Amino acid sequence: MKIVHKSKLTSREVDRLFRWREHVFSPLAPGIEMSALTHHYVMLDDDEAVAHAQCEVRVLERQGKRRPILGIGAVVVRPEYQGKKLGHELLKHLHGLLGSSFDAQAAWLFCMPELIRYYELSGYREVKSPVCFEQSTGLVLCPWVSMIYERPPGLFEDNSEIIIRSKPW
Ligand SMILES: CC(C)(COP(=O)(O)OP(=O)(O)OC[C@H]1O[C@@H](n2cnc3c(N)ncnc32)[C@H](O)[C@@H]1OP(=O)(O)O)[C@@H](O)C(=O)NCCC(=O)NCCS
């Protein structure tokens with residue numbers, strides 16, 4: 001297995017990675033304007049895409065202070081490759097790029113409540129503060145669970161409101 005960076009997936013990769021459960025990501029975004037993350041990290045088994053995550057640096061604001069974070073999304077492992085912790089391996093790879101390839105000290109993702117435990121196993125914790133993000137109509141309260149991975153821990157620990165200065169991903 002190897003992990004490669006891509007700025008665009010081929011149509012075969014999109015098909016292989018996402019065709020099996022197109023609905024997986026749609027319940028996350030009922031009527032919410034999303035923004036695409038431009039960096040794709042693909043795990044290959046003999047040149048065949050088996051797992052994927054997408055990321056890009058975004059900006060968080062808390063008490064008027066802005067910080068870069070690495071927004072992560074579209075984490076997916078093909079069904080026949082699940083159960084081998086490939087998702088964790090991919091996330092670990094992205095975390096290793098914090099502070100080097102990406103100028104951010106924390107990673108952030110949105111998920112459904114049933115995946116909180118999964119991301120905790122990868123070192124994330126649930127954000128308890130209210131979180132808002134941008135829409136064309138203005139700021140909107142985030143309806144999903146937000147999870148953060150931060151090194152060192154505690155960077156974002158107080159419970160004051162967080163504004164994500166972009167559309168969600
Ligand atoms: C979520 C997903 C990426 C996990 O795949 P994976 O990396 O192969 O995960 P594994 O099967 O190796 O599981 C690792 C651990 O997470 C747990 N886990 C995996 N999927 C889970 C789920 N949906 N809910 C709760 N726990 C889960 C496993 O029980 C396992 O725990 P253990 O180490 O204590 O045994 C994969 O199920 C998937 O692609 N799902 C559909 C897309 C999706 O929902 N992506 C997330 C969008 S936010």
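The following paragraphs go through this predicted model from its overall form to single residues and the ligand.

The chain contains three helices and ten strands. Their order along the sequence is β-α-β-β-β-α-β-α-β-β-β-β-β. Along the principal axes, the C-alpha trace spans about 50 × 35 × 30 Å. For 169 residues, a compact globule would have a radius of gyration near 15 Å, and the value of 16 Å found for the chain agrees with this. Of the 169 residues, 29% are buried. Among contacts with a separation of 6 or more, 70% join residues that are 24 or more positions apart.

The interior comes next. The largest nonpolar core has 36 residues, and the ones with the most contacts inside it are Ala-53, Leu-70, Ile-72, Leu-94, Ala-106, Ala-107 and Trp-108. Two or more residues of this core come from each of S2, S3, S4, H2, S5, strand S7 (131-135), S9 and S10.

Ala-53 is one of these core residues and belongs to strand S3, which covers residues 48-62. Why does Ala-53 count as buried? A residue is buried if 20 or more other C-beta atoms lie within 10 Å of its own, and Ala-53 is buried because it has 23 other C-beta atoms within 10 Å. Beyond its neighbours within four places in sequence, Ala-53 is in contact with Tyr-41, Ile-72, Ala-74, Val-75, Leu-90, Leu-91 and Leu-94. Ala-53 and Leu-94 are 41 residues apart along the chain, and their C-alpha atoms are separated by 8.7 Å.

Ala-107 is another of the core residues with the most contacts. Leaving out residues up to four places away in sequence, Ala-107 touches Ile-69, Leu-70, Ile-72, Leu-94, His-95, Leu-98 and Tyr-149. Ile-72 and Leu-94 also appear among the contacts of Ala-53. Tyr-149 has a further link to Ala-107, as its bridge partner in S9.

That bridge leads to strand S9, which covers residues 145-150. Which strands pair with S9? Strand S5 (residues 106-111) pairs with S9 in the antiparallel sense over six bridges. Strand S6 (residues 125-126) also pairs with S9 in the antiparallel sense, over two bridges. In the pairing with S6, Glu-126 has Met-147 of S9 as its bridge partner. Five of the six residues of S9 are buried, so this strand is largely enclosed by the rest of the structure.

After S9 the chain enters the loop between strand S9 (145-150) and strand S10 (162-164), where Pro-152 is found. The peptide bond from Arg-151 to Pro-152 is cis, with omega near 0°.

Another loop lies between strand S2 (39-45) and S3, and Asp-46 is part of it. Asp-47 lies in this loop between S2 and S3 as well. Neither residue is glycine, but each has a positive phi: near 55° for Asp-46 and about 70° for Asp-47. Are these residues buried or exposed? A residue is exposed if 12 or fewer other C-beta atoms lie within 10 Å of its own. Asp-46 counts as exposed because it has 7 C-beta neighbours inside 10 Å. Asp-47 has 7 such neighbours inside 10 Å, so it also counts as exposed.

Pro-30 gives a further case, in the loop between helix H1 (11-18) and S2. With 7 C-beta neighbours inside 10 Å, Pro-30 counts as exposed. The C-alpha atom of Pro-30 is separated by 9.8 Å from that of Pro-143, a residue 113 residues apart from it along the chain.

The last part is the ligand. How many residues surround the ligand? There are 17, and the closest are Val-77, Gln-82, Lys-85, Gly-87 and Cys-111. Strand S4 (65-77), helix H2 (86-95) and helix H3 (116-120) each supply at least two residues of this shell. By type, the shell residues divide into nine nonpolar, four polar and four charged. S4 and H2 also give two or more residues each to the largest nonpolar core, and both therefore have a part in the core as well as in the shell around the ligand.

Terms used
Residues are numbered from 1 along each chain as its sequence is written. This is a predicted model: local features need pLDDT of at least 70, side-chain atom pairs count only at pLDDT 80 or more; totals for chains, interfaces and linings use all residues. A residue is near a molecule or strand if its C-beta atom, placed from the backbone, lies within 6 Å of it. Helices (H or I, at least four residues) and strands (E, at least two) are DSSP runs, numbered from the N terminus. Ala, Val, Leu, Ile, Met, Phe, Trp, Tyr, Cys and Pro count as nonpolar, Asp, Glu, Lys and Arg as charged, and the others, Gly among them, as polar. Two residues are in contact if their C-beta atoms, placed from the backbone, lie within 7 Å. Two strands pair if DSSP finds at least two bridges between them. A nonpolar core is a set of buried Ala, Val, Leu, Ile, Met, Phe, Trp, Tyr and Cys residues joined through C-beta atoms within 7 Å. The radius of gyration is taken over C-alpha atoms; the globule rule is 2.2 Å times the number of residues to the power 0.38.
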